[in-house]
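Visitor: I'd like to learn how to read helix packing and buried space in a model. Could you walk me through one?

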Amino acid sequence: MNGQRIVNGLSVDVEDWFQVGAFEHTIAKQDWDSLQLRVGDNVARILDLFDQAGVRATFFTLGWVAERNKQAMRAIVERGHELASHGYDHTRVFTLTRQQFADDISKAQCILEDASGAPVRGYRAPSFSIDRRNPWAHEVLAEYGYAYSSSVAPVVHDHYGWREAPRFAFSPVAGSDLVEIPVTTALFRGRRLAAGGGGFFRVLPYGFSRWAIRQVNREDGRPAVFYFHPWEVDPDQPRVAGASMRSRLRHYTNLSRMADKLNELLVDFSWGRMDELAEREKPKSLDWAA
């Protein structure tokens, strides 16, 4: 029931159905503008869902999306949510040089702020792509004035993961106020399990997520960080025939059930914006520079 003292972090990674990692080798970026844009309508649906539940969240948004959906960006801010950066075009950070990454976050920030009229202080790397290969990315974020990042998945996964990273807030750059808020993991028999949302939430029974968040809140005494995507509440989205069976299963499973599962989650726990969570967690953050 909604009586949790700990306020967890609720976030939406705003990208359209054709921009996901599962289809990055199937749909070319130069073809994006020829495809049906659905993210604006899906964001509107999510805003209504959040209003009904009385919660506020952070929308980590691609600059590419913001360029084409300025009305949605304004609506996010006007309805009390935080608009934050997800980079420009969902390029994984470990594929970029330091300067390319700096250019990417600067470009996305300018677009987001121009579209919304609100400052952008938070960042999430596409596919949680800050890891042991590119710890310098945190230094760049600090140089560009970001207050927090939520870009690390402290778990083993075939697409991402930094197994050695702390499970909870840490300070990745000595002498900087930047704080990293990793996506949630739970512990089972000493092993870390991904439990912060996304496909795991959509595919697995809701009971798993409820157990994991309760563990983090009650046993660790810390807030959970949860995320999902606008395309996950859109069961009528186009199907990508050329993708692998594995990618199609990951992307399309349980789309029709996602909204109901979200409603249950929003009732069972307390939720808030990521910038507010980062401020509360900053005094507890570990000094951990890779």
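Guide: We'll take the helix pairs, then the cavities and a pocket. This is a predicted model, where local features need pLDDT of at least 70, side-chain atom pairs count only at pLDDT 80 or more, and totals for chains, interfaces and linings use all residues. Residues are numbered from 1 along each chain as its sequence is written, and side-chain values use heavy atoms, with hydrogens and water left out.

Visitor: How are two packed helices described?

Guide: By the angle between their axes and the distance between the axes. Axes are lines fitted to C-alpha atoms, for helices over the stretch in contact, and angles run from 0 to 180 degrees between N-to-C directions. Helices (H or I, at least four residues) are DSSP runs, numbered from the N terminus.

Visitor: At what angle do helix 3 and helix 4 cross?

Guide: Roughly 75°, with the axes of helix 3 (residues 70–78) and helix 4 (residues 98–116) coming within 8 Å. That makes helix 3 roughly perpendicular to helix 4. On the labels, angles under 35 degrees count as roughly parallel, over 145 as roughly antiparallel, 65 to 115 as roughly perpendicular and the rest as oblique.

Visitor: Which residues make the contact?

Guide: Contact means heavy atoms within 4.5 Å. Helix 3 brings Lys70, Met73, Arg74 and Val77, while helix 4 brings Leu112, Asp114, Ala115 and Ser116. Sorted by class, the contact of helix 3 with helix 4 has four nonpolar, one polar and three charged residues. Here Ala, Val, Leu, Ile, Met, Phe, Trp, Tyr, Cys and Pro count as nonpolar, Asp, Glu, Lys and Arg as charged, and the others, Gly among them, as polar.

Visitor: And how do helix 4 and helix 5 pack?

Guide: At an angle of about 40°, with the axes of helix 4 and helix 5 (residues 136–143) 10 Å apart. Helix 4 and helix 5 are therefore oblique to each other. Their crossing is right-handed: a crossing is left-handed if the near helix is turned anticlockwise from the far one by less than a right angle, and right-handed if clockwise. Arg98, Phe101, Ala102 and Ile105 of helix 4 touch Trp136, Ala137, Glu139, Val140, Leu141 and Glu143 of helix 5. The class split for helix 4 with helix 5 is seven nonpolar, no polar and three charged.

Visitor: What about helix 1 and helix 9?

Guide: The axes of helix 1 (residues 39–53) and helix 9 (residues 258–268) come within 10 Å and cross at roughly 30°. That makes helix 1 roughly parallel to helix 9. Helix 1 also passes helix 9 in a right-handed crossing. Arg45, Leu49, Phe50 and Ala53 in helix 1 meet Ala259, Leu262, Asn263 and Leu266 in helix 9.

Visitor: On to empty space: how many cavities does the structure hold?

Guide: On a 1 Å grid over the protein atoms alone, a cavity is a set of points where a 1.4 Å probe fits but cannot get out, and a pocket is an open set with protein on both sides within 12 Å along at least five of seven lines; lining residues have an atom within 4 Å of a point. Grid points are joined across faces, edges and corners, and a volume is the space filled by probe spheres set on the points. There are two cavities of 30 Å³ or more. The largest cavity has a volume of about 80 Å³, and its lining divides into seven nonpolar, two polar and three charged residues.

Visitor: What lines the second largest pocket?

Guide: Val155, Val156, Arg163, Arg191, Arg192, Leu193 and Ala194, around about 190 Å³ of space.

Methods:
Helix = DSSP H or I, 4+ residues; strand = E, 2+ residues; numbered from the N terminus.
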